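Here's a protein chain to get to know. Have a look at the model first, then we'll walk through a few spots in it.

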Amino acid sequence: MRQRFDSRYIFAAVAAVVVMLAVVIAATSLYYFSTIHGLVVQADSITPNDQAEGAAIVGVTARMVIIVVGATLLAVTAIGALLIYRNRRELRGERHVQSIYQAIGENIDTAIFIVDCEDQVVEAVFENVQDILGVPASKFFAVDRLSSNEAYAKVAAIVHSGAPAERRTWEFQCFNAVFGRDMWLRITSCPVTLGGDAKVIYSLTDMTDEHDIRQRLMDSVAAAEDANRAKSNFLASMSHDIRTPMNAILGFSELIDREAGHEEAVREYNRKIALSGRHLLGLINDVLDMSKIESGKTELTAEPFSLAETVAAVEAMMRPQTDAKGQTFTVEVTGISHDRLVGDEGRLRQILMNVLSNAMKYTGTGGKILLRIDGSLARHGTLQHVRILVRDNGIGMSDDYLATIFDSFSREESTLTNKIQGTGLGMAITKNLVDLMGGAITVRSKLDAGSVFIIDLDFPPAEAESEEREEPVSAPATDADEALGGKHFLVAEDNDLNAEIIGAILTIHGATCEVAENGQVAVDKFSQSEPGAYDMIFMDVQMPVMNGHEAARAIRALDRPDAREIPIIAMTANAFAEDEREALAAGMSAHVAKPIDVAVLACTVASLAR
């Protein structure tokens with residue numbers, strides 16, 4: 001590696017030349033001094049009129065003066081040249097150091113300040129301080145006390161505050177007027193010794209991004225902790241809601257055993273067991289529905305439906321409940337231009353039922369509930385805007401609870417609400433469904449004054465809306481004995497208790513069945529049977545060896561005339577709309593959710609038997 005010639009050698013050489021010149025001057029001076037002295041001595045022994053001797057003395061003196069002056073000028077020139085060279089070397093060295101500082105500053109995110117401890121002055125500032133603070137480096141050599149930039153003022157105050165004896169760190173938030181935003185800055189001081197002199201190096205770093213990331217992580221952790229606390233609180237508070245129907249189911253089951261001979265009592269106990277079971281099923285459905293929504297697996301269908309029919313169906317379901325509590329339930333529909341719309345009618349019905357059920361539960365006996373469907377507010381071009389308003393004069397909600405009403409597992413705790421069963425998921429499910437449908441939901445409420453929920457949704461009109469569309473005719477209730485009696489079913493079910501239940505239901509209604517413990521056995525039994533041996537197949541979905549979807553596809557693929565025609569009904573605990581679509585896509589004919597509702601099963605069988 002090539003090295004620069006050290007200026008110390010040049011200084012030594014010039015110093016040697018000066019010394020040599022001094023020696024020469026001294027020797028010459030001594031020589032001429034002795035010569036002049038000899039001439040003077042001789043001059044004393046001759047006559048004063050001898051001009052030759054005087055001229056000799058003058059000549060020797062002149063030569064001596066010339067030599068002394070010349071040597072002096074040469075020495076001065078050498079010293080001046082040395083000083084100029086040293087100044088240039090120092091200037092080049094300073095420029096070199098500055099270029100190093102600049103190169104370092106351009107490649108790091110930290111600005112450096114070097115402060116002399118003895119003189120308490122800023123000696124160097126990296127230029128990249130302007131990238132960090134928007135202030136040029138020159139502004140830090142002397143403090144501008146008139147500056148209104150908080151970021152500059154704080155940094156300059158620390159840098160000029162003195163020389164700390166030990167390492168120290170400052171981290172603070174300040175407003176930067178140049179950038180027009182808040183910043184988080186970190187300054188670290190480090191005492192060092194450079195060239196024998198005590199210095200302090202200050203490093204300045206913009207910590208805004210790191211602080212934002214740290215804050216987001218802290219917020220995420222806090223949110224996760226809040227969610228865990230909410231779920232823990234939910235499980236604790238819901239323990240009562242789950243145990244109540246379970247207590248009824250187990251208690252009335254024991255009473256049935258004790259009073260098996262009293263038919264009327266057994267029927268009443270059985271009715272209460274069924275009510276408790278349906279309530280428990282509703283709790284489970286809410287939890288599963290919310291879980292599916294939060295995991296992003298909920299999908300909306302887009303099918304034509306009648307808004308009037310949906311409202312009528314919801315009213316029919318709610319009316320018996322409100323009548324039982326002596327409540328006045330009013331339904332108003334106004335301003336609807338298109339009754340036939342395209343959307344997920346099932347989810348719309350679920351939204352209406354959730355909000356109305358809440359209103360019914362939290363409104364006392366004799367209270368009033370209003371459901372208004374208003375389509376008069378036109379928005380988004382040709383879309384039919386639907387505003388749903390549900391108003392009640394029930395117990396209302398506190399301002400604190402209103403802020404969390406749409407949070408999962410959220411329930412207001414009071415002596416009144418604690419007597420009302422629920423999961424605390426209804427409003428969270430409603431809010432998520434409304435968001436999924438591109439709508440908005442708002443709520444106003446006051447304690448002891450009731451609540452108002454407003455939901456805004458938009459639906460495209462159905463393309464082929466018939467002006468002479470026939471009014472739907474409600475299907476008559478299907479008699480289970482008539483629908484099921486005399487038929488022979490193949491039941492694919494891996495759970496012995498479920499198989500026993502469906503077998504007993506079919507036997508009660510005059511049907512017979514053959515049970516296959518998994519999908520593969522069901523395929524084998526069907527493929528080995530005579531055509532027409534089975535009227536229908538009840539297919540569970542989650543089974544070992546071969547699941548229900550695979551079994552249905554395998555049956556449909558068999559080379560026999562009835563393989564593609566025999567009705568296959570999915571009979572599974574997978575009860576979501578997405579599960580029904582998957583079953584139909586696998587080749588099944590219909591979907592019936594567990595627990596089995598005999599009326600629904602009979603209606604499904606009857607519709608497929610036609």
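Helices here are DSSP runs of at least four residues (H or I), numbered from the N terminus. With that in hand, look at helix H10, residues 426-436: just after H10, glycine 438 takes a positive phi of about 75°. Inside H10 itself, Gly426, Met427, Ala428, Ile429, Thr430, Leu433 and Val434 are buried.

Keep in mind that this is a predicted model. Zooming out, the chain has 16 helices and 17 strands. Of its 610 residues, 36% count as buried. The accessible surface comes to about 35,000 Å², and 55% of that belongs to carbon and sulfur atoms. Now take the contacts between residues at least 6 apart in sequence: 63% of them join residues at least 24 apart.

Next, two single residues, side by side:

| Residue | Place | Relative accessible area |
|---|---|---|
| Leucine 250 | helix H5 (residues 208-258) | 56%, exposed |
| Aspartate 540 | loop between strand E15 (536-539) and helix H14 (548-556) | 6%, buried |

Why does aspartate 540 count as buried? Its relative accessible area is 6%, and buried means under 20%. Leaving aside its neighbours within four places in sequence, aspartate 540 is in contact with Ala492, Glu493, Asp494, Gly548, Met571, Thr572 and Lys594. An unreviewed UniProt entry also annotates Asp540 as "modified residue: 4-aspartylphosphate".

And leucine 250? Leucine 250 counts as exposed because its relative accessible area is 56%, and the cut-off is over 50%. Together with Ile242 and Met246, Leu250 makes a nonpolar surface patch of about 250 Å².

Technical notes:
Residues are numbered from 1 along each chain as its sequence is written. This is a predicted model: local features need pLDDT of at least 70, side-chain atom pairs count only at pLDDT 80 or more; totals for chains, interfaces and linings use all residues. Side-chain values use heavy atoms; hydrogens and water are left out. Patches are made of residues with over 30% relative accessible area and no salt bridge: like charges are joined within 9 Å, nonpolar side chains (Val, Leu, Ile, Met, Phe, Trp, Tyr) within 5 Å. Accessible areas come from the Shrake-Rupley method with a 1.4 Å probe; for residues, only the protein chains shown count as cover. A salt bridge is a side-chain nitrogen of Lys or Arg within 4 Å of a carboxyl oxygen of Asp or Glu. Helices (H or I, at least four residues) and strands (E, at least two) are DSSP runs, numbered from the N terminus. Buried means under 20% relative accessible area, exposed over 50%, partly exposed in between (1.4 Å probe, protein chains only). UniProt positions are given in the numbering used here, feature names are shortened, and annotations may be inferred rather than shown by experiment. Contact means heavy atoms within 4.5 Å.
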